[in-house]
Amino acid sequence: MSRLVYVLNGPNLNLLGKRQPHIYGHETLADVERDCRALAAELKLDLRFHQSNREYELIDWIHEARDTAGGLVINPAAFTHTSVAILDALNTFDAPVIEVHISNVHKREEFRHRSFVSLRADGVIAGCGTLGYQLALRRVASLLDSQAA
Ligand code: DQA
């Protein structure tokens, strides 16, 4: 199985660090990418790290991942709660999918409690801050390791 992992980020996450820091913290998405790359090197994963404010771009990256990736980590941001199209795309992807939310969506407004993406995700991490991305990468690596063993 490929050790390439896609890390996909949805709308407004480009503003991480500036956007509602009391909810999402002070780290920027560049910080998150840097930490993911350092951990990926340790775990012997190859990484593609992307962010978009456009639903179709996230869908195109999921389609691209179908042919190449052994795992996918996604923080779909607000699309979590609205996008059947992202769920449908993820349903075409056969390898592990881990859904990440920086904040604990279950402690927030009711509309954030429903996730279309969770209907496909193999694991969900919420409320662990940006550390959630690292936890997700570790989970993907351990699943890939156990498949290889
Ligand atoms: C988020 C939670 C979503 O409800 C919100 O729309 C986001 C970020 C999180 O990481 O906590 O944009 O996915």
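**Exercise 1. Find which polar side-chain atom of Arg-19 meets the ligand, and at what distance from an oxygen atom.**

Solution. Start at Arg-19: a polar atom of its side chain lies 2.9 Å from a ligand oxygen. Next, go to Asn-75, where a polar side-chain atom is 2.8 Å from an oxygen atom of the ligand. Then turn to His-101, with a side-chain N or O atom 2.8 Å from a ligand oxygen. A polar contact is a pair of N or O atoms within 3.5 Å. Finally, the ligand taken alone exposes 320 Å², and the protein buries 99% of that (Shrake-Rupley method, 1.4 Å probe).

A word on the model: it is predicted, with local features needing pLDDT of at least 70 and side-chain atom pairs pLDDT 80 or more, while totals for chains, interfaces and linings use all residues. Residues are numbered from 1 along each chain, and side-chain values use heavy atoms, without hydrogens and water.

**Exercise 2. Sort the residues of the shell around the ligand into nonpolar, polar and charged.**

Solution. First, list the surroundings: they include Tyr-24, Ala-77, His-81, Ile-102 and Arg-112 (a residue is near with a heavy atom within 4 Å). Then sort the shell: 5 nonpolar, 4 polar and 2 charged, with Tyr counted as nonpolar and Gly as polar.

How values were computed:
A polar contact is a pair of N or O atoms within 3.5 Å; within protein, one must be able to donate a hydrogen and the other to accept it, and residues adjacent in sequence count only if both atoms are side-chain atoms.
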